[in-house]
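Dear colleague,

Please find below the structure that I am handing over to you. A short account of what was found in it follows.

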Amino acid sequence: MRLVIARCSVDYIGRLRAHLPLATRLLMVKADGSVLIHSDGGSYKPLNWMSPPATLRVAEPETEDAESGVQEVWHVQHAKSDDRLVISIHEHLHEYSHDLGVDPGLVKDGVEADLQRLLAEQIDRLGPGHTLVRREYMTAIGPVDILARNADGGTVAVELKRRGDIDGVEQLTRYLELLNRDPLLAPVKGIFAAQQIKPQARVLATDRGIACLTLDYDEMRGVDDADSRLF
């Protein structure tokens, strides 16, 4: 990882053109060949970047650029397209390089697969008398997270999300439309389950006859948070 703080201007040339005027920025050069340009505010995302595979070439500025204060020019060329970054550096303020080694990757906690497993093990959270049919019930348009039976023997399709929004309700609606065409399953009711459900999603689900269920992931895992409570 190479980090350079410099006063620079940046031009992106390719399928579109973009220009960053002269300012102090952080230039990040990664071992995979990617180059990212960051500012000190506004967003965690880079202002501009070049994805790998890419090559970085440092060149002397043209006479006209040198006269305007450019010390060196970085040419970052994408290996599989004509897209390129041209970074005109006016002043180096700081530079640091370090080998970060191989990253083990992000280990997620509380992802949808964990929620699905826990809810399948605790299927009575859907209501008394519910029984599990199967997880990942495959349909022609994708797998339903959980298929269950209610106390009356009716079929229940459950769509699980960490954060429930309108797209999740739309997804469950498509599953319900398909499942209700199967005479062995129909009628099929829907339950939209998530750790958080946005108000708009709850309104849409209710309008379509879909029940909403908010899940407490820590409670489902059996995590006792009593030590952090005042009472």
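**Strand pairing, domains and backbone**

Leucine 132 has alanine 148, in strand E9, as its bridge partner. Strands (E, at least two residues) and helices (H or I, at least four residues) are DSSP runs, numbered from the N terminus. Two strands count as paired if DSSP finds at least two bridges between them.

Please note that this is a predicted model, in which local features need pLDDT of at least 70 and side-chain atom pairs count only at pLDDT 80 or more, while totals for chains, interfaces and linings use all residues. Residues are numbered from 1 along each chain as its sequence is written, and side-chain values use heavy atoms, with hydrogens and water left out.

The protein chain is assigned domain 1 (2-97) and domain 2 (112-229); such bounds come from an automatic or database domain assignment. The centres of domain 1 and domain 2, taken over C-alpha atoms, are 47 Å apart.

**The sheet of seven strands**

One open sheet contains seven strands in the order E4-E3-E2-E1-E7-E6-E5, and its pairing is antiparallel. E4 and E5 are the edge strands, each of which pairs on one side only. From one strand to the next, the twist averages 35°. Axes are lines fitted to C-alpha atoms, for helices over the stretch in contact (heavy atoms within 4.5 Å), and angles run from 0 to 180 degrees between N-to-C directions.

Strand E1 (residues 2-13) and strand E7 (residues 84-97) are antiparallel and are joined by twelve bridges. Within this sheet, isoleucine 13 stands opposite arginine 84 in E7. E7 is also joined to strand E6 (residues 72-78), by six bridges in the antiparallel sense, and histidine 75 has valine 86 of E7 as its bridge partner. How many residues form the hairpin that joins E6 to E7? The hairpin runs through five residues.

E6 is joined to E5 as well, again antiparallel, with six bridges. Here valine 58 stands opposite tryptophan 74 in E6.

**The sheet of five strands**

A second open sheet has five strands in the order E8-E9-E10-E11-E12, and its pairing is mixed. Strand E8 (131-139) and strand E12 (211-214) each have a single partner strand, so one side of each is left without a neighbour in the sheet. Neighbouring strands of this sheet are turned by 30° against each other on average, with direction ignored.

Seven bridges link E8 with strand E9 (residues 142-149), and this pair is antiparallel. Helix H2 (residues 112-121) lies across E8, E9, strand E10 (155-164) and strand E11 (188-197). With respect to E10, H2 runs at about 140°.

**Points of the backbone to examine**

Most residues other than glycine have a negative phi, and most peptide bonds are trans. Three places depart from this pattern.

The bond from proline 52 to proline 53 is cis, with omega near 0°. Proline 53 lies in the loop between strand E4 (48-50) and strand E5 (54-59).

The bond from alanine 186 to proline 187 is likewise cis, with omega near -5°. Where is proline 187 found? Its place is the loop between helix H3 (166-179) and E11.

Finally, glutamate 136 has a positive phi, near 50°, although it is not a glycine. Glutamate 136 belongs to strand E8.

With kind regards
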